[in-house]
Amino acid sequence: QVQLVESGGGLVQPGGSLRLSCAASGKIFSIRTMAWHRQAPGNQRQLVAGITRGGSTNYADSVKGRFTISRDNTKNTVYLQMNSLKPEDTAVYYCNADAIPYGGLPIDSWGQGTQVTVSS
């Protein structure tokens with residue numbers, strides 16, 4: 001099995017910054033794509049940003065130019081640097097990984113979520 005643990009959420013004022021981290025653990029052979037999704041109350045979960053093992057990235061239009069996704073393959077960790085935060089960025093942020101365990105098939109794993117609140 002693969003476990004994902006997020007950290008770094010919290011309360012921040014509009015215009016502020018936060019950095020989320022997500023560490024994967026378990027008997028992992030490799031992790032292909034890692035991504036961050038978010039879900040605000042009453043809304044569906046949506047992709048915020050994704051990154052391949054080779055470093056190719058994609059972003060939701062709403063966060064382009066403000067958020068940066070990165071990863072450290074040696075630590076099986078993905079990060080989300082969030083700058084110029086807006087109240088509409090308020091949501092629970094979830095880490096997602098397409099991981100291949102030793103001797104197993106790819107697993108689509110999710111973290112437990114971390115709350116990000118942007119408010120004055």
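Let's start at Ile100, which sits in strand 9, the stretch covering residues 91-101. Keep in mind that what you are looking at is a predicted model. Is Ile100 buried or exposed? Its relative accessibility is 19%, and because buried means under 20%, Ile100 counts as buried.

Who are the neighbours of Ile100? Leaving aside residues up to four places away in sequence, Ile100 touches Ile28, Phe29, Ser30, Arg32 and Pro106. For a sense of scale, try hopping from Ile100 to Glu6: the two are 94 residues apart in sequence, and their C-alpha atoms are 19 Å apart in space.

Now slide over to Thr77. You'll find Thr77 in strand 8, which runs over residues 77-82. Thr77 has a relative accessibility of 8%, so this residue counts as buried too. Which residues does Thr77 touch, if we again skip those up to four places away in sequence? The list is Cys22, Ala23, Met34, Ser70, Arg71 and Asp72. There is also something to spot closer along the chain: a polar atom in the side chain of Thr77 lies 2.9 Å from the backbone oxygen of Lys75. That pair is a polar contact, because the cut-off for such N or O pairs is 3.5 Å.

Time to zoom out. How many helices and strands does the protein chain have? The count is zero helices and eleven strands, so reading along the sequence you simply get β-β-β-β-β-β-β-β-β-β-β. The radius of gyration of the chain is 14 Å, close to the 14 Å that the globule rule gives for 120 residues, so the chain is as compact as a globular protein of that length. If you put a box around the C-alpha atoms along the principal axes, that box would be roughly 50 × 25 × 20 Å.

What about the inside of the chain? Of its 120 residues, 43% are buried, with Ile100 and Thr77 among them. Contacts also reach across the sequence: taking those with a separation of 6 or more, 54% are between residues 24 or more positions apart.

Finally, the outside and the charges. The protein chain has an accessible surface of about 6,200 Å², and carbon and sulfur atoms account for 49% of that surface. As for charged side chains, there are 11 positive and 7 negative ones. Where do the two sets lie relative to each other? Their centres are 5 Å apart.

Key. Residues numbered from 1 in each chain as written. Predicted model: local features only at pLDDT ≥ 70, side-chain atom pairs only at ≥ 80, totals over all residues. Heavy atoms only, no water. Helix = DSSP H or I, 4+ residues; strand = E, 2+ residues; numbered from the N terminus. Buried < 20%, exposed > 50% of the residue type's maximum accessible area, 1.4 Å probe, protein only. Polar contact = N/O pair within 3.5 Å; in protein donor to acceptor, adjacent residues only side chain to side chain. Contact = heavy atoms within 4.5 Å. Rg over C-alpha atoms; globule rule 2.2 N^0.38 Å. Areas by Shrake-Rupley, 256 points an atom, 1.4 Å probe, with all protein chains shown as cover. Lys, Arg positive; Asp, Glu negative; His and termini not counted. Charge placed at Lys NZ, Arg CZ, Asp CG, Glu CD.
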